[in-house]
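Please work through the exercises below with the sequence and the coordinates open beside the text. Each task is followed by a solution that goes step by step.

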Amino acid sequence: MALSRKAKDNLIRNLFFLTALSSIVALALIMVYLFVEGLPIFKVVSVTDFLFGHLWYPTSDPPAFGVFPLIMASLAVTALSSAIAIPLGVMTAIYLAEIASRKTRDIFKPIVELLAALPSVVIGFFGMVVVAPYLQETFDLATGLNLFNAAIMLAFMSVPTICSVSEDAIYSVPRELKEASLALGATHFETIAKVVLPASLSGISTAVMLGMSRAIGETMVVLMVAGGAAIIPTSIFSPVRPMPSSIAAEMAEAAFRGNHYHALFAIGIVLFLFTLAFNLVASHVAEKHKQVGAATL
Amino acid sequence: MNANAITHAGLARRHRTQKLMWGVFGLSSLINMAALVLICGFLLIKGLPAISWSFLTEMPRDSMTAGGILPCILGTIYLSLGTMCVAFPLGVASAVYLNEYARPGRTLRLIRLGINNLAGVPSVVFGLFGLAFFVTFFGLGVSLLSGILTLSILVLPVIIGTAEEALKSVPQTYREASLGLGATKWQTIRLVVLPAAMPGMLTGAILGLSRVAGETAAIMFTAAVFFTPYLPTHLNDSVMALPYHIYVLATAGTDIDKTRPLQYGTALVLIILVLGMNLGAILYRAKLQKKR
């Protein structure tokens, strides 16, 4: 029995629809399995002791599962790297979108893309063999593998994200706005600072949130250059152990479905929730303050 | 008097400010370029002496302190190509739904939210998921197949994004002409839209391929091992991979300083592979845009 053309077309449409759902299904499965493997740890420690405990000694006897130092390390690394990456990324975006000639842009844009494509393990390796000895010598430190090193390396991983998303936002500022400002006698720079940037602020905020989400979840760089000490950072040169590096470094030695294993999945939950929050805020900002013509300003 | 009033001195000052800021903006772009050149240049200088034909085609020897990296190269190629076999059809089909069939509304917003958030999940979390789901729940073990499936989910948003771009760039008139000739929607998509969008989609596939080739955290619990004496022949085999090999040699190898040349060599092979694919995709895309 042959299907009618219409029935066949409907069937195919539904097949495509089911495939399109695969991303949501994957996201849901990720959440489910993180919780299935992570929640059992809370039979051993309470949620507050887990989140705010200051000691992370998962292999001692008795073990201590306090991830506060890891959370603080992640936040510190992310904050410091953002402090470097946000100005660098936004200024590069302004340069590419507003100032550079077409020819210059054709050279710089691929460079930013290639920077984004560098594997994180290579950046981490570079931080280990080049930046760490340099920092150690210049600042006379016990180790060059520390928060500062990790922050610099992470900054170069989030700059491309921040740059390309901000650039799109700056591009989408309506021409009329810029022309009006220029016609009133403002210089090009004044127009950028007082018209273009405020008009693209929501897009730039999205860029910043995405960049921070990339930095907080990045694993190999912090695993290789952050130093690995599970202590609350006291200076920018403290060796630290952010959440992703704890998971990556300890999973191999954790007994299958032991407390340590469950604790590492629970760290995964915390990390996942952090990045989810960053991304939801980013898409919320992008959705709510979408620039639609000059009228929405 | 207002400092910004239009006087000659005021105007000159404002233009000086502009010049200064142009310099600052240009400098920040140069810093990015410098970072890329520095990293690549350093690895090129340090890694080139380590690379030889035997480095690329031999097995590691003497507990990985000598010999080549053939199993890592093969492992990375198998992982990346395998991932594309799974992720490319899934991603393209998702993009076709989003761009050709879906109407604005709640379902579409939900799907987009899912894709955006999937793109933001840290790679180590993909690793955890792969460990819990593919390795343990499905009992696939630490294997090529577990790695491929984990990486497929990781790279899916990239493929969907680029495939959608490609579909968007197909002129609406193509579709109208085909539908006007009496073709069904599916015939239009299969015979008109997809062929026109294919070059753009392949660019996306190459970008996805390079992303997968450099991925470490997602495979360290699912597919990669320190060392295996055999080349992978089966989807159930665990594999060695370039990124993981660099990490292992640089942090946990038997003699970290002695194997430095091997580390530089491996890192160089990896970035040549990854940046080469990217550069190819960028140039190809530029050519496509010129044609349009």
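The exercises that follow concern a predicted model, and they go from its confidence values to its chains, its domains, its interface and its core.

**Exercise 1. State what confidence the predictor attaches to the complex and to chain B.**

Solution. Begin with the complex, for which the predictor gives an ipTM of 0.91 and a pTM of 0.91. Then turn to chain B, where the mean pLDDT is 90 and 97% of the residues reach 70 or more.

**Exercise 2. Describe the secondary structure of chain B, and decide whether the chain is more spread out than a compact globule or not.**

Solution. Step one is to list the elements: chain B has ten helices and two strands, and along the sequence they follow the pattern α-α-β-β-α-α-α-α-α-α-α-α. Step two is to compare the radius of gyration with the globule rule: the value for chain B is 24 Å, well over the 19 Å that the rule gives for 292 residues, so the chain is more spread out than a compact globule. Step three adds the extent of the chain, whose C-alpha atoms fill a box of roughly 75 × 65 × 35 Å along the principal axes. Finally, 48% of the 292 residues of chain B count as buried, and among its contacts between residues at least 6 apart in sequence, 76% join residues at least 24 apart.

**Exercise 3. Give the corresponding description of chain A.**

Solution. Chain A has 13 helices and two strands, and its C-alpha atoms fill a box of roughly 75 × 70 × 35 Å along the principal axes. Of its 297 residues, 49% count as buried, while residues 24 or more positions apart account for 72% of the contacts with a separation of 6 or more.

**Exercise 4. Determine how the domains of chain B are placed and what joins them.**

Solution. The domain assignment of chain B gives domain 1 (8-50) and domain 2 (58-291), and the C-alpha centres of these two domains lie 32 Å apart. The contact between them takes seven residues from domain 1 and seven residues from domain 2; on the domain 1 side, these divide into five nonpolar, one polar and one charged.

**Exercise 5. Characterise the contact between the chains from the side of chain A.**

Solution. The contact takes 69 residues from chain A and 69 residues from chain B. Helix α2 (residues 22-38) gives the most to the chain A side, with eleven residues, and the residues of that side divide into 48 nonpolar, 15 polar and six charged.

**Exercise 6. Explain why helix α12 (residues 243-250) of chain A is described as largely enclosed, and identify what its buried residues pack against.**

Solution. Six of the eight residues of α12 of chain A are buried, so the helix is largely enclosed by the rest of the structure. The buried residues are A:M243, A:P244, A:S245, A:S246, A:I247 and A:A248. They pack against α4, α10, α11 and α13 of chain A together with α5 (123-137) of chain B.

**Exercise 7. Locate the largest nonpolar core and follow one of its residues.**

Solution. The largest nonpolar core has 187 residues, and those with the most contacts inside it include A:V77, A:F125, B:L79 and B:I159. Helix α7 (residues 147-171) of chain A gives the most to this core, with 16 residues. Domain 1 and domain 2 of chain B both give residues to the core, so it lies between them. To follow B:L79, leave out residues up to four places away in sequence; its contacts then include B:L144, B:I148, B:L151, B:V212 and B:I219.

Technical notes:
Residues numbered from 1 in each chain as written. Chains lettered and ligands numbered in written order. Predicted model: local features only at pLDDT ≥ 70, side-chain atom pairs only at ≥ 80, totals over all residues. Helix = DSSP H or I, 4+ residues; strand = E, 2+ residues; numbered from the N terminus. Rg over C-alpha atoms; globule rule 2.2 N^0.38 Å. Buried ≥ 20, exposed ≤ 12 C-beta atoms within 10 Å, placed from the backbone. Contact = placed C-beta atoms within 7 Å. Nonpolar A, V, L, I, M, F, W, Y, C, P; charged D, E, K, R; others polar. Core = buried A, V, L, I, M, F, W, Y, C linked by C-beta atoms within 7 Å. Domains from an automatic or database assignment. pLDDT = per-residue confidence, 0-100.
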